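Me: I have just opened this one. Please walk me through it, and tell me how each label is earned.

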Amino acid sequence: MNFASKIFLVLVLALVLGACATDTRDVPPAPEPEPQPTQPSDPVEVDRVNPTDFADSRNLDNPDSTLSQREIYFEFDRSDVRPEYLPIVRAHAAYLRANPSARMLLEGHADERGSREYNLGLGERRGNSVLDLMRAEGASAGQIEVVSYGEERPVCRQSSESCWERNRRVEIVYTAR
Amino acid sequence: MYSNVKSFLNLFTTASLALLLVSGAARAQLQIEIVDGVEGALPIAVVPFDFGNAEMQPETPIHEVIAADLQRSGLFDPLAVTDMIDRPSRPPEVKLGTWRLLKVDYVAMGRWIPGSDGLSGEIEYHLVAVHSGRTLFSRAIAAGPGAFRLRAHQIADAIYEELTGAPGAFASRIAYVQVTGAGTDAEQFELIVADSDGHNPQTIVRHSEPIMSPAWGPEGRRLAYVSFATGRSNVVIQDIYTGQRDVIADGRGINGAPAFSPNGDLLAMSLSRSGNSEIWVRTLATGRMEQLTEHYAIDTEPAWSRDGRNIFFTSDRAGRPQIYSVRRDGTNIERVTFEGEYNSRVSVDPYSGLLAMVHGGQANFRIAVLDRESERLRVLSPGRMDESPSFAPNGRMVLYATREGEKGVLAAVSVDGNFRQRLVLSDGDVREPAWSPLIQ
């Protein structure tokens, strides 16, 4: 790492920490932290992760962050993204925007109903719907690849609506963070 | 002696020997059970064939293979061997009165005539009508080790054709996809080829990633299918005898739904390299690619008309999947199905041109057959999740996939809907059957 990029990193860190500090002011005043017994050093850093900072790769594994949500579900024989899933799409689009070297696979899936090759097409169309939204949110198409598995990779195997609705999905898979 | 053996090998290479060379035996064999029988099946006796003390004896007695074939067709009711009073092997030995008492209408029989090398020879076979006493045919067919079952199926086909007027389809194979360990790390997809009676299952390819959509070449030697071995869908053509495998399409997006043209020179596919699923045709000899459809809808599951001039396909361009047709040159797109909210995955009857398809709505997906001349659509299967119809080469039965609980099984139904059978595997999930052309 050269001198310039060190400076850049310091600046980025300062910005991120500054953003954190700003955010905490919006939150209702928290009671003064009580003196804690000695803590291991790592959690101090985890505490500083802002779950709404969608540029931060640590949020990909943070259950409090929308970035940790990777499944988008669909209606039968439909490929339009329902409004409740837009925050997930926006969060990941923001991550891709902020991390140009990140790469994403959108795996499209269908439930078992109907024919297999048509469902392969349906899975791809679902993946493309998510891709189009990500691009509209400023992600680069070069960072995203769509692959359809049709009905070949179900997560649930009973023939019931409760199972089918879990299978009609796009899974967001990061191949590079 | 050497040249005898060599010509003998040449003679039977296309039967089953070469298939054994390239592939391991699959573990479990399909068991075929008849679900709905037919009233008025023809009573026939298939007498044990006389092999005398020949050194060459078939692995399974010829008459057993023939009788099981005829029974599975639903059109025949073979007499149990234990009920036979005598065992003629040629028409002059048939005592008509005895068979009349047993209420048998036809007697099939035959014998082995060994050749000079003692290994290969001929099976002579005959069919006698009991009421008239007439010999309907007397024929002979070359046979040898490894080919007895195929010859028995061909004799059953001859009997079927003589008595029903339509060609038989017993001397054929079925390809299907078997999944074991579903949902576990040990999940395996296998493409299997078995005889039409489920015998001799051979694994053609095996992978932990999905295998889909097997389709036969018209010569019964090439199988096209979709492999996810690279993590993406690819269309592959594999020679089932040599094992030679060629990747035909591996472009961006979906590479799926292969279908050989009737003459075997072209392969129709659904490819989304243009950004969306479209029907494409590849000339196999030159690699030339032609795009037949251009629409934002899903266009997939091409199937050739018998004359090769049109391609039927599934499209949701009107909102829901329906069957359309397009001319070979990409012109004249017409909608074919209008009844029902979901019609897809058409299979063309190679004999009379009927169309079988997946027909359904939200709750049920069944196999239906459309006669385009009378515009009559007939639902043939009773299931909720029936798919992947495939016609027998004689057009009399439709093989399809259905579900029993979480397990996929295969079933076959006659085109009139009167007769149905289940093809059950002891373990594993079976799907996507494809019935081969007749083996010559």
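Me: What makes residues of chain A count as in contact with chain B, and how many are there?
Reply: Two residues are in contact if their C-beta atoms, placed from the backbone, lie within 7 Å. By that rule, 21 residues of chain A are in contact with 32 residues of chain B. This is a predicted model: local features need pLDDT of at least 70, side-chain atom pairs count only at pLDDT 80 or more, and totals for chains, interfaces and linings use all residues. Residues are numbered from 1 along each chain as its sequence is written, while chains are lettered from A and ligands numbered from 1 in the order in which they are written.

Me: Which elements give two or more residues to the side of chain A that touches chain B?
Reply: They are helix H4 (116-136) and strand E3 (144-150) of chain A. H4(A) gives the most, with eight residues. The names follow DSSP runs, numbered from the N terminus: helices are H or I with at least four residues, strands are E with at least two.

Me: How many residues on that side of chain A are nonpolar, polar and charged?
Reply: Six are nonpolar, six polar and nine charged. Ala, Val, Leu, Ile, Met, Phe, Trp, Tyr, Cys and Pro count as nonpolar; Asp, Glu, Lys and Arg as charged; the others, Gly among them, as polar.

Me: Why is A:Leu122 called buried?
Reply: A residue is buried if 20 or more other C-beta atoms lie within 10 Å of its own, exposed if 12 or fewer, and partly exposed in between; C-beta atoms are placed from the backbone. A:Leu122 has 29 within 10 Å, so it is buried. A:Leu122 is found in helix H4 of chain A.

Me: What does A:Leu122 touch, residues up to four places away in sequence not counted?
Reply: A:Leu122 touches A:Asp77, A:Ser79, A:Ala110 and B:Ile298. A:Leu122 and A:Ser148 are 26 residues apart in sequence and 8.1 Å apart in space, C-alpha to C-alpha.

Me: What makes E1 and E3 of chain A edge strands?
Reply: Each pairs on one side only. Two strands pair if DSSP finds at least two bridges between them. The open sheet has four strands in the order E1-E4-E2-E3 (chain A), with mixed pairing.

Me: How do you know that strand E2 (residues 103-109) of chain A pairs with E3(A)?
Reply: They share six bridges, in the parallel sense. A:Leu105 stands opposite A:Glu145 in E3(A).

Me: At what angle does H4(A) run to E3(A)?
Reply: At about 155 degrees; H4(A) lies across E1, E2, E3 and strand E4 (169-176) of chain A. Axes are lines fitted to C-alpha atoms, for helices over the stretch in contact, and angles run from 0 to 180 degrees between N-to-C directions.

Me: B:Ser213 and B:Asn332 each have a positive phi without being glycine. Which is buried and which exposed?
Reply: B:Ser213, with a phi of about 55 degrees, has 29 C-beta neighbours inside 10 Å, so B:Ser213 is buried. B:Ser213 is found in strand E10 (residues 211-216) of chain B. B:Asn332 has a phi of about 60 degrees. With 10 other C-beta atoms within 10 Å, B:Asn332 is exposed. The place of B:Asn332 is the loop between strand E20 (322-327) and strand E21 (334-335) of chain B.

Me: How does the radius of gyration of chain B compare with that of a compact globule?
Reply: The radius is taken over C-alpha atoms, and the globule rule is 2.2 Å times the number of residues to the power 0.38. For 440 residues that comes near 22 Å; chain B has 23 Å, so the two agree. Of those 440 residues, 47% count as buried.
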